[in-house]
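Thanks for asking me to look this one over with you. Here are some notes for a first visit, in an order that should be easy to follow on screen.

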Amino acid sequence: MHQFINGRRTRSATGRSRQVIDPSNGECIVEIDEAGPDEVDAAVRAARGAFGDWSRATPGERSAVLRRFTQQLSDRAEEFASLESRQAGKPIRLAREFDVPGTIDNVDFFAGAARNLDGKAAAEYSPNHTSMIRREAIGVIGSIAPWNYPLQMAAWKMLPAVAAGNAVVLKPAEITPLTSTLFAEVAHEAGLPAGVFNVIVGSGVVAGEALLHHPEVSMLSFTGSTSVGRRVLDAAAGTAKRVHLELGGKAPFVVFDDADLEAAIHGAVAASLINSGQDCTAATRAIVHRSLYEQFVAGVAELYERVRLGPTEDPATDMGPLVSMKHREAVAGFVQRARAYARVVTGGTMPVGALSAGAYFTPTLIADVEPGMEVFREEIFGPVLTVTPVDTDDEALRLANDTVYGLAASVWTTDVFRALRGSREIQSGCVWVNDHIPIISEMPHGGVKQSGFGKDMSTYSFEEYTAIKHVMLDITGERQKAWHRTVFTL
Ligand code: NAD
């Protein structure tokens with residue numbers, strides 16, 4: 001029973017099922033039922049039914065539910081970490097130290113933020129009227145999430161929406177649905193009323209499309225690939241739904257000639273291999289000044305070769321498998337083609353022996369990459385870093401922006417002026433200076449260009465999930481108002 005509709009786990013009536021596979025060993029964790037249009041409709045109706053009361057609950061009441069939710073998630077942190085690790089192939093250390101605590105902190109943040117929805121002060125902006133702003137929930141939010149951080153994505157989609165008084169129907173990725181359903185169940189146990197947060201588990205083309213086109217869904221919030229993001233935009237046009245898109249990335253990692261090389265090398269390894277490189281903000285394109293180039297390539301290659309691939313449940317494992325054999329095939333294809341036009345310095349192999357049943361792929365460094373090449377342009381979404389030499393700061397910043405994406409970037413320098421120039425000139429939703437990856441609940445996450453628009457996390461996300469209403473009150477009591485004479489003089 002993997003649907004969570006109107007406060008209960010239910011089984012879909014489609015008769016269709018799917019195995020959730022542990023990508024570290026190819027074993028089936030559980031067989032799940034898949035939702036069809038009827039389940040999507042039931043979830044949307046449940047959300048619509050719950051919306052009225054929830055949107056009228058006071059911020060304090062909504063906050064109290066989220067505070068209890070924080071506590072219950074904390075109590076069950078290990079259960080979430082273990083399930084997330086198994087279904088997504090994450091090393092348990094990453095699930096325990098990043099995915100789960102990050103999610104709990106997000107819930108905690110929105111428990112507070114729910115009481116801090118703000119707007120302009122009510123005031124007399126015309127001498128004859130008092131104007132005030134109401135910030136109102138939008139209605140039913142249809143959310144669709146990817147497989148790379150299933151729990152965090154469920155949280156990022158649900159929290160600002162629910163904290164602001166909306167009801168949500170979430171469709172997680174069909175290959176990693178387990179923590180999303182559990183997340184909804186625990187939220188309900190913490191006091192979230194039935195119907196406020198529903199999870200439908202099913203494929204993109206069936207359940208996803210049904211959600212995108214449902215006339216009772218007021219807004220679509222999508223995180224995933226840019227190609228599916230375009231479908232979301234098309235579907236939204238039908239009933240003019242509001243849209244929030246968090247799409248792909250191809251983050252540049254710019255190393256200027258005055259950078260602390262050791263810091264840049266360590267930073268590049270961590271930022272490119274986190275979650276096996278299946279991270280939309282992961283460092284993917286190192287753009288390095290020629291004076292440091294060969295040392296950078298050698299340093300990253302040396303650390304890449306020391307990274308421990310291993311069973312996901314082993315706390316000593318640094319890197320787990322990719323999410324599926326199918327995805328590994330796609331990643332391996334990019335690397336195989338690159339051998340013909342660039343220098344694969346290390347990696348690009350699949351381990352044999354004990355790990356051969358899993359979707360493992362070794363950390364892969366590709367040097368001498370030029371801007372026109374496939375690996376510089378396309379999102380690979382695996383443990384693959386390309387390196388491109390440059391001769392000037394101008395060239396580095398031009399190449400950083402030479403992409404259709406604009407989600408995240410970093411600059412590595414010890415010069416404050418270069419740091420400021422890089423932060424200003426790189427077109428992306430986030431620029432780190434001398435670091436790459438950390439996120440915090442208080443600050444927004446979201447892209448520009450074909451990485452999408454709108455923000456997750458932080459109070460900025462309330463801009464997506466609330467509508468601003470202007471309420472204007474006459475304060476003169478006059479029957480014939482001065483401005484009427486502009487229209488008629490009787
Ligand atoms: P995907 O676009 O293939 O799938 C994302 C979700 O969309 C899944 O739930 C899938 O079932 C659903 N879907 C697929 N086809 C659909 C359709 N026709 N109609 C409705 N729903 C459909 O992406 P993925 O492979 O799961 O995730 C990887 C991608 O996500 C990468 O491009 C990555 O950059 C991106 N991503 C972006 C962010 C961000 O914050 N910008 C975060 C994580 C992942």
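1. **Start with the two domains.** Please keep in mind that this is a predicted model. The chain falls into domain 1, made of 3–246 together with 458–471, and domain 2, which covers 251–433. So that you can place them on screen: the centres of domain 1 and domain 2, taken over C-alpha atoms, are separated by 31 Å.

2. **How the domains meet.** How many residues of domain 1 are in contact with domain 2? There are 21 on the side of domain 1, facing 26 residues of domain 2. Between the two domains an area of about 1,700 Å² is buried, and carbon and sulfur atoms give 55% of that area.

3. **Polar links across the interface.** Nine residue pairs are in polar contact across the interface of domain 1 and domain 2, counting pairs with both residues at pLDDT 80 or more. On the side of domain 1 that touches domain 2, the elements giving two or more residues are α3 (77–88) and α4 (92–113). Of these, α4 supplies the largest share of that side, with five residues.

4. **The salt bridge.** The count of salt bridges between domain 1 and domain 2 is one. A pair worth displaying is R93 and D318, which form a salt bridge with their closest N and O atoms 3.0 Å apart.

5. **The seven-stranded sheet.** Now for the strands. Seven of them make an open sheet with mixed pairing, and following the order takes you through β14-β15-β16-β13-β12-β17-β18. Which strands are at the edges? They are β14 (343–346) and β18 (430–433), each of which pairs on one side only. On average, neighbouring strands of this sheet are turned by 25 degrees against each other, direction ignored.

6. **One pairing inside that sheet.** Strand β15 (residues 364–367) and strand β16 (residues 384–390) run parallel and are joined by three bridges. To find the register, look for I366, which stands opposite T386 in β16.

7. **The three-stranded sheet.** Another open sheet has three strands in the order β5-β6-β20, and its pairing is antiparallel. Why is one side of β5 (123–126) and of β20 (466–474) left without a neighbour in the sheet? Both strands stand at the edges and have a single partner strand each, so one side of each has no neighbour there. The average turn between neighbouring strands of this sheet is 45 degrees, direction ignored.

8. **One pairing inside the three-stranded sheet.** Two bridges link β5 to strand β6 (residues 129–137) in the antiparallel sense. Here A123 is the residue to pick out, as it stands opposite S131 in β6.

9. **A hairpin to finish.** Strand β3 (residues 17–22) pairs with strand β4 (residues 27–33) in the antiparallel sense, over six bridges. Within this pair, Q19 stands opposite E31 in β4. The two strands, β3 and β4, form a hairpin with four residues between them. Have a look at G26 in the turn, where phi is positive at about 80 degrees.

Technical notes: Residues are numbered from 1 along each chain as its sequence is written. This is a predicted model: local features need pLDDT of at least 70, side-chain atom pairs count only at pLDDT 80 or more; totals for chains, interfaces and linings use all residues. Side-chain values use heavy atoms; hydrogens and water are left out. Two strands pair if DSSP finds at least two bridges between them. Axes are lines fitted to C-alpha atoms, for helices over the stretch in contact, and angles run from 0 to 180 degrees between N-to-C directions. Domain bounds come from an automatic or database domain assignment. Contact means heavy atoms within 4.5 Å. Buried area is the accessible area (1.4 Å probe) that two parts lose on being put together, summed over both. A salt bridge is a side-chain nitrogen of Lys or Arg within 4 Å of a carboxyl oxygen of Asp or Glu. A polar contact is a pair of N or O atoms within 3.5 Å; within protein, one must be able to donate a hydrogen and the other to accept it, and residues adjacent in sequence count only if both atoms are side-chain atoms.
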